Amino acid sequence: MNILYKSTRDKNGQTVTASQAILQGLSPDGGLYVPDAIPKFKLPLSSLKQLSYQELAYHILQPFFSDFSEQELKKCLANAYDSTFTTPQIAPLTYHAGNAYLELFHGPTIAFKDVALQLLPQLMTTAARKNKLQEEIVILTATSGDTGKAAMAGFADVPNTKIIVFYPKDGVSPIQERQMLTQQGDNTFVVGIKGNFDDAQTKVKQIFSDSDLNTALKQAGYRFSSANSINIGRLFPQIVYYFYAYGQLLAAGKIKEGETVNFSVPTGNFGNILAGYFAKKMGLPINKLLCASNRNNVLTDFFNEGIYNKNRPFYVTSSPSMDILVSSNLERLLFYISGEDPVKTASLMAKLTSTGKYQIDSMMRSQLTDFYAASATEKQTEQEIKRLFTTDQTTIDPHTAVASYVAQKYHHEERIDQRQTIIVSTASPYKFPHFVLSALQLKYDSQKPFGVINALHSNTKIPLPQAIEELMHLPLKHHCEVAPAEMKNAVKEILNLF
Ligand SMILES: *Cc1c(COP(=O)(O)O)cnc(C)c1O
């Protein structure tokens, strides 16, 4: 089987190779790339107990990245999943208060985006070589916090690439800002914006399609690319840990081979949970995928009412990486539940653009049985952090707490479901220490620069992650700040395009 990629919106079903899809990110018609077939996982489930993370990743990703040679893909995986992760397991499973927690925060930026963004630069530079790309790749990203740092950590000092990250000066947490401003690597550039995330995002989109700039760029030997979560090079690497979690449950004797399990996933852009949906389609015994949202519960309403409506207030919450009203990757789910109908998918997305909402028909709704959806308020998130600390002496971050709360709620409603539910744990509590401490009603010295970190450490005894230690010692390296209107000039200056 040689998998090719087509757009969710293209009725002619034109295809590109995996490496071309990785280089392009988005299809030219605005749709997202989907594989023309979904491969089955060929090994027996019992093999999951023995395979290392890298070996398993090879077996899962090889059919998807079909134009990569065995040697190329194995090299990408070895470079991505090395000692920059602080545990050789990469995605270890731990058990707290009757549930399993899949810890995806042992990478260099202590959030789950590392799992995909450590691999993407490897895939992209390999894809560039395969397609004989002449230009150097310039990754341009607007970030609300986690993505920018994780992308820089992945691309830092990767030959033939540069990365420029824009972030809203007053829209990220102090820890997140410091993480970005201390970023090492000669090819990384960070620019603070005097504006909000939307300003930065809108400008980045304009820069991408600025024809003068693109001409100058080409002459100078560069081309833009994006590290956005719609890229198949970010989506598919996330399938691996669903299988890996299942293997760990088998190895621990918590389940028998073939037994179905649930996953609860803290969801924003719908990338992580969509990877779980692919895992199920590949044959992993999954019962329900629990789509967990915070107060921005546009997805909860979509699953429960069949209506997607982004015309609603936007709330800033304690789980900022899920503060999203348009979940880009949902388009791929629409494509599958419509029976792979590009015309229907394109028309729903057109409605979203023109009116901010759409409704799916009963045929499509009937295809949503793989999912359960619910949301947590700020108070419920806080109480869940407190509950785990009190009953199990464990400390979780607010994103994980949302998923943990939703798993509780699900089992409360569905008492007959005795299955094991795995909570996908997407960030270290050290990334959001202020909220965690306040949920635990613990005080900290706000006068000391790292008072909040020290307080979390002394109260929870969780070892300081290397990423946090670094933060406390590394000098601030990036100092650039501009108004949104100056972003284009900032790019030209960084790339010497005058
Ligand atoms: C990005 C992010 C999420 C949301 O994941 P999606 O794939 O966008 O749904 C959840 N938690 C954390 C910590 C994140 O950084």
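Trainee: What order and what pairing does the open sheet of five strands have?

Mentor: The strands run in the order E8-E5-E6-E7-E15, and their pairing is parallel. Keep in mind that this is a predicted model, in which local features need pLDDT of at least 70, side-chain atom pairs count only at pLDDT 80 or more, and totals for chains, interfaces and linings use all residues. Residues are numbered from 1 along each chain as its sequence is written, and side-chain values use heavy atoms, with hydrogens and water left out.

Trainee: What makes E8 and E15 edge strands?

Mentor: Strand E8 (222-225) and strand E15 (480-482) each pair on one side only. From one strand to the next, the twist averages 25°, taken between axes fitted to C-alpha atoms, on a scale from 0 to 180 degrees between N-to-C directions.

Trainee: How do you know that E5 and E8 pair?

Mentor: Strands are DSSP runs (E, at least two residues; helices are H or I, at least four), numbered from the N terminus. Two of them pair if DSSP finds at least two bridges between them. Strand E5 (residues 136-142) has four bridges to E8, with the two running parallel, so the definition is met. Within this pair, Glu136 stands opposite Tyr222 of E8.

Trainee: What is the strand order of the open sheet of six strands?

Mentor: That sheet reads E3-E4-E14-E9-E10-E13, with mixed pairing. Its edge strands are E3 (93-96) and E13 (371-375), each pairing on one side only. At the E13 end, strand E10 (residues 286-293) runs parallel to E13 and is joined to it by five bridges; Leu289 has Phe371 in E13 as its bridge partner.

Trainee: How do you know which residues surround the ligand?

Mentor: A residue counts if one of its heavy atoms lies within 4 Å of the ligand. There are 15 such residues, the closest being Lys113, Asp146, Gly268, Asn269 and Thr426. They divide into five nonpolar, eight polar and two charged, with Gly counted as polar and Asp, Glu, Lys and Arg as charged.

Trainee: What makes the approach of Lys113 to the ligand a polar contact?

Mentor: A side-chain N or O atom of Lys113 is 2.5 Å from an oxygen atom of the ligand. A polar contact needs a pair of N or O atoms within 3.5 Å, so Lys113 qualifies. Gly271 qualifies too, with a backbone N or O atom 3.2 Å from a ligand oxygen, and a polar side-chain atom of Ser321 lies 3.4 Å from a ligand oxygen. Taken alone the ligand exposes 380 Å², and the protein buries 97% of that (Shrake-Rupley method, 1.4 Å probe).

Trainee: What lies at the two ends of helix H9?

Mentor: At the start of H9 (residues 211-219), a side-chain oxygen of Asp210 comes within 3.2 Å of the backbone nitrogen of Asp212. Just after H9, Gly221 takes a positive phi of about 85°.

Trainee: Which residues does UniProt list for the domain "Tryptophan synthase beta chain-like PALP"?

Mentor: The unreviewed UniProt entry lists residues 103-424, though such annotations may be inferred rather than shown by experiment. In the model, that span is 46% helix and 17% strand, and its end C-alpha atoms are 7 Å apart. UniProt also places "Threonine synthase N-terminal" at residues 5-81, a span of 35% helix and 8% strand whose end C-alpha atoms lie 26 Å apart.

Terms used. Polar contact = N/O pair within 3.5 Å; in protein donor to acceptor, adjacent residues only side chain to side chain.
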